[in-house]
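Here is a short report for a reader meeting this structure for the first time. Look at the chains before reading on.

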Amino acid sequence: MLDIQYDSAAGIRLHGRFDAEEVQNAERVFSGVNTSCVVDFEGLDYISSAGLGVLLATQQRLSRSGHELKLVGMTPHVRMIFEYAGFDFVFDID
Amino acid sequence: MALEESYTFRRDVRELSHVAGFIKVFVAQHAIDSDAHFAVDLAVEELITNMIKYNPGGSPLIEIGLRKAGCQLIVTLCESDSPRFDPTRHEEVDLTAALDDRTPGGLGLHLVRRVVDEVHYEYAGRRNTIRLVKSIQCDHA
């Protein structure tokens, strides 16, 4: 299960599993982001290509207005998936 | 617990959490390392979502089997009475494309090939069988 907390000042915090079952839940939150935003991955144990797809679509939409997502606090497993997907070239990851 | 377990589930993305739970119990009971757990968890989800999305005529039920054999974890995904679905045949993903040129298509099967050691496919008697092999940490290697 994925828990998402969004605060326009503090950004987005992810907790749990970001899998295909959670895409609609996540899309509802990420579609409300219209400016640069920090996404805290510290509590996220797992992400699949379905989760990557939500983040990619958001990053593409934001980039058209000069904004971007900044991703922080990834566990080694989640970071590995971003690297395998080549997403470390299209996201600012700290 | 036996070294081999299986679980049958409906062809529905809402079953993913149950499948993940089945894997979690198996790896805990066999003290399988977290790297292998993560890899198999991911590969299984990617394959199931591809089966659902790209082989809609497949069986309403899918069976997953897990087997610990020495220093390997072997996963099988089977669906009977189904059209052919071969996950080993897919186009390569361009990992260097610019942001606007990226699409999530094909990424799942690319990740499967990255995280497990072997991917095998067999189609016989209208039955798709996908077999994954993942090395696990093993004291007796």
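In what order do the elements of chain B run from the N terminus on? The order is β-α-α-β-β-α-β-β. That is three helices and five strands in chain B. Keep in mind that this is a predicted model.

## The build of chain B

Begin with overall dimensions. Chain B has a radius of gyration of 15 Å, and the globule rule gives 14 Å for 141 residues, so chain B is as compact as a globular protein of that length. Along the principal axes, the C-alpha atoms of chain B fill a box of roughly 45 × 35 × 25 Å. Of the 141 residues, 48% count as buried.

Now consider contacts within chain B. Take those with a separation of 6 or more. Residues 24 or more positions apart account for 67% of them.

## Where chain B meets chain A

How many residues does each chain bring to the contact? Chain B gives 26 residues, and chain A gives 26 residues. Phe38(B), Leu99(B) and Arg102(B) stand out here: they supply 32% of the area that chain B buries against chain A, more than any other three residues.

The size of an interface is often given as the accessible area lost when the parts come together. Between chain B and chain A, the buried area is about 2,100 Å². Carbon and sulfur atoms give 62% of this area.

Polar links are present too. Between the two chains, 13 residue pairs are in polar contact, counting pairs with both residues at pLDDT 80 or more. Which elements of chain B supply at least two residues each to the side that touches chain A? They are α1 (16–29), α2 (34–54) and α3 (107–115). The largest share comes from α2(B), with eight residues. By type, the residues on this side of chain B divide into twelve nonpolar, six polar and eight charged.

## Salt bridges

The structure holds nine salt bridges over all chains. Which parts does the pair Asp41(B) and Arg17(A) join? Asp41(B) sits in helix α2 of chain B, while Arg17(A) sits in strand β2 (residues 11–18) of chain A, so the pair joins two chains. The count between chain B and chain A is one salt bridge. Both Asp41(B) and Arg17(A) are buried.

Three of the salt bridges are set out here, with the distance between the closest N and O atoms.

| Residue | Partner | N to O distance |
|---|---|---|
| Asp41(B) | Arg17(A) | 2.8 Å |
| Arg11(B) | Glu79(B) | 2.5 Å |
| Arg126(B) | Asp81(B) | 2.9 Å |

Next comes the second row, where the side chains of Arg11(B) and Glu79(B) meet in a salt bridge. Arg11(B) lies in the loop between β1 (4–10) and α1 of chain B, and Glu79(B) lies in strand β3 (residues 72–79), so the pair ties together parts that are 68 residues apart in sequence. Are these two residues buried or exposed? Arg11(B) counts as buried, at 16% relative accessibility. Glu79(B) is buried as well, with a relative accessible area of 0%.

The third row holds the salt bridge of Arg126(B) with Asp81(B). Arg126(B) is in the loop between β4 (118–124) and β5 (127–135), and Asp81(B) is in the loop between β3 and α3, so this pair ties together parts of chain B that are 45 residues apart in sequence. Arg126(B) is partly exposed, with a relative accessible area of 39%. Asp81(B) counts as exposed, at 53% relative accessibility.

Chain B also has a network. Arg10(B), Asp12(B), Arg14(B) and Glu15(B) are joined into one network by salt bridges that share partners.

## A residue of chain A

Turn to Leu62(A), which lies in helix α2 (residues 49–63) of chain A. Leu62(A) is buried, with a relative accessible area of 1%. Which residues does Leu62(A) touch, not counting those up to four places away in sequence? They are Val33(A), Asn34(A), Thr35(A), His67(A), Glu68(A) and Leu69(A). Ser48(A) gives another reference point for Leu62(A). The two are 14 residues apart in sequence and 22 Å apart in space, C-alpha to C-alpha.

How values were computed
Residues are numbered from 1 along each chain as its sequence is written. Chains are lettered from A and ligands numbered from 1 in the order in which they are written. This is a predicted model: local features need pLDDT of at least 70, side-chain atom pairs count only at pLDDT 80 or more; totals for chains, interfaces and linings use all residues. Side-chain values use heavy atoms; hydrogens and water are left out. Contact means heavy atoms within 4.5 Å. Buried area is the accessible area (1.4 Å probe) that two parts lose on being put together, summed over both. A salt bridge is a side-chain nitrogen of Lys or Arg within 4 Å of a carboxyl oxygen of Asp or Glu. A polar contact is a pair of N or O atoms within 3.5 Å; within protein, one must be able to donate a hydrogen and the other to accept it, and residues adjacent in sequence count only if both atoms are side-chain atoms. Helices (H or I, at least four residues) and strands (E, at least two) are DSSP runs, numbered from the N terminus. Ala, Val, Leu, Ile, Met, Phe, Trp, Tyr, Cys and Pro count as nonpolar, Asp, Glu, Lys and Arg as charged, and the others, Gly among them, as polar. The radius of gyration is taken over C-alpha atoms; the globule rule is 2.2 Å times the number of residues to the power 0.38. Buried means under 20% relative accessible area, exposed over 50%, partly exposed in between (1.4 Å probe, protein chains only).
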